[in-house]
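I opened this entry to record what I looked up in the structure, beginning with the backbone and then turning to the ligand.

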Amino acid sequence: KKKVVLFASGRGSNATALYEAMRDGRIWGEAAALVCDMPQAAIIQQAQQWGLPIILADRKKFSDQHAFETYILEKIAPFQPDLLCLAGFMRILSAYFVAAYEGKIINIHPALLPSFRGLHAQRQAFEAGVKITGCTVHFVTAQMDDGPIIVQAAVPVYESDTVQTLAERILRKEHPSFIKAVALFCADKLQIKGHTVYGTDTGEEA
Ligand code: GAR
């Protein structure tokens with residue numbers, strides 16, 4: 001089984017979806033630890049209940065980004081992770097960090113990249129008036145929200161929507177999309193050529 005380290009900053013519904021999919025065998029992986037940058041995050045309590053090792057790295061406690069990232073790298077190294085999953089992790093990781101796990105970091109973003117990069121992607125889509133948005137699961141590179149795309153799922157925007165109802169509809173697509181991408185990675189099915197990921201045409205929608 002692949003050893004997977006989950007990164008999350010808040011509620012942790014994506015981390016929970018991945019954890020449960022690993023526990024029940026939909027993903028051939030094993031959750032090794034949780035990295036969290038927010039001491040008050042709900043996902044910390046959840047991880048405690050699971051008995052999952054928790055690495056708390058509060059960015060404010062570090063003098064700079066490099067020290068923050070070095071701490072995380074040192075703490076995750078003993079788990080010998082095969083994959084890092086950024087599941088609602090609200091910090092950008094620098095080229096220094098990404099180089100240490102090149103091709104082994106997967107992120108979920110609540111929009112159809114390359115549209116609406118960065119924070120509040122659901123609000124950005126809502127305000128842009130698009131009729132379709134969605135979510136993207138992609139490999140992480142040093143450029144924010146720009147790595148090779150593994151899975152995307154489309155979500156309609158309705159006239160009755162608020163940012164919140166739209167975000168909820170996107171979230172319901174995020175969980176199966178993330179599970180599908182991580183399951184394929186853990187089964188060694190994904191190949192990156194240039195900026196394109198192959199091996200995702202499973203005949204199933206995320
Ligand atoms: C999710 O919608 C995720 O896509 C988004 O944060 C939310 C976390 O929810 N991530 C980003 O915006 C990354 N820039 P969760 O904690 O319940 O998984």
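Where is the place of Gln80? Working from a predicted model, I found Gln80 in the loop between α3 (65–76) and β4 (83–86). I had looked for this residue since Gln80 has a positive phi of about 45° although it is not a glycine. Most residues other than glycine have a negative phi, and most peptide bonds are trans.

With that in mind I checked for other backbone exceptions. I noted Asp188, which follows α6 and has a positive phi, near 55°. I also noted a cis peptide bond between Leu113 and Pro114, with omega at about 10°; Pro114 belongs to the loop between β5 (105–109) and α5 (121–128).

Next I looked at the helix that precedes Asp188. I read 24 residues for α6, and from its first C-alpha to its last this helix reaches 34 Å, which is close to the 34 Å expected at 1.5 Å a residue.

I then turned to the ligand, which I found in the largest pocket. Around the ligand I listed Arg11, Gly12, Ser13, Asn14, Gly88, Met90, Ile108, Pro110, Gln122, Leu171 and Glu174. Sorting this shell by character, I wrote down four nonpolar residues, five polar ones and two charged ones. Both α1 (13–23) and α6 (163–186) supply at least two residues each to the shell.

Which polar backbone atom lies 2.7 Å from an oxygen atom of the ligand? I traced that distance to a backbone atom of Gly12. For Ser13 the contact runs through the side chain, where an N or O atom is 2.6 Å from a ligand oxygen. For Asn14 I again noted a polar backbone atom, at 2.9 Å from an oxygen atom of the ligand. As a last check I looked up how far the ligand is covered, and the protein takes up 89% of the 450 Å² of accessible area that the ligand has on its own.

Conventions:
Residues are numbered from 1 along each chain as its sequence is written. This is a predicted model: local features need pLDDT of at least 70, side-chain atom pairs count only at pLDDT 80 or more; totals for chains, interfaces and linings use all residues. Side-chain values use heavy atoms; hydrogens and water are left out. A residue is near a molecule or strand if one of its heavy atoms lies within 4 Å of it. A polar contact is a pair of N or O atoms within 3.5 Å; within protein, one must be able to donate a hydrogen and the other to accept it, and residues adjacent in sequence count only if both atoms are side-chain atoms. Accessible areas come from the Shrake-Rupley method with a 1.4 Å probe; for residues, only the protein chains shown count as cover. On a 1 Å grid over the protein atoms alone, a cavity is a set of points where a 1.4 Å probe fits but cannot get out, and a pocket is an open set with protein on both sides within 12 Å along at least five of seven lines; lining residues have an atom within 4 Å of a point. A molecule sits in a cavity or pocket if more than half of its atoms lie within 2 Å of its grid points. Helices (H or I, at least four residues) and strands (E, at least two) are DSSP runs, numbered from the N terminus. Ala, Val, Leu, Ile, Met, Phe, Trp, Tyr, Cys and Pro count as nonpolar, Asp, Glu, Lys and Arg as charged, and the others, Gly among them, as polar. The expected span of a helix is 1.5 Å times one less than its number of residues.
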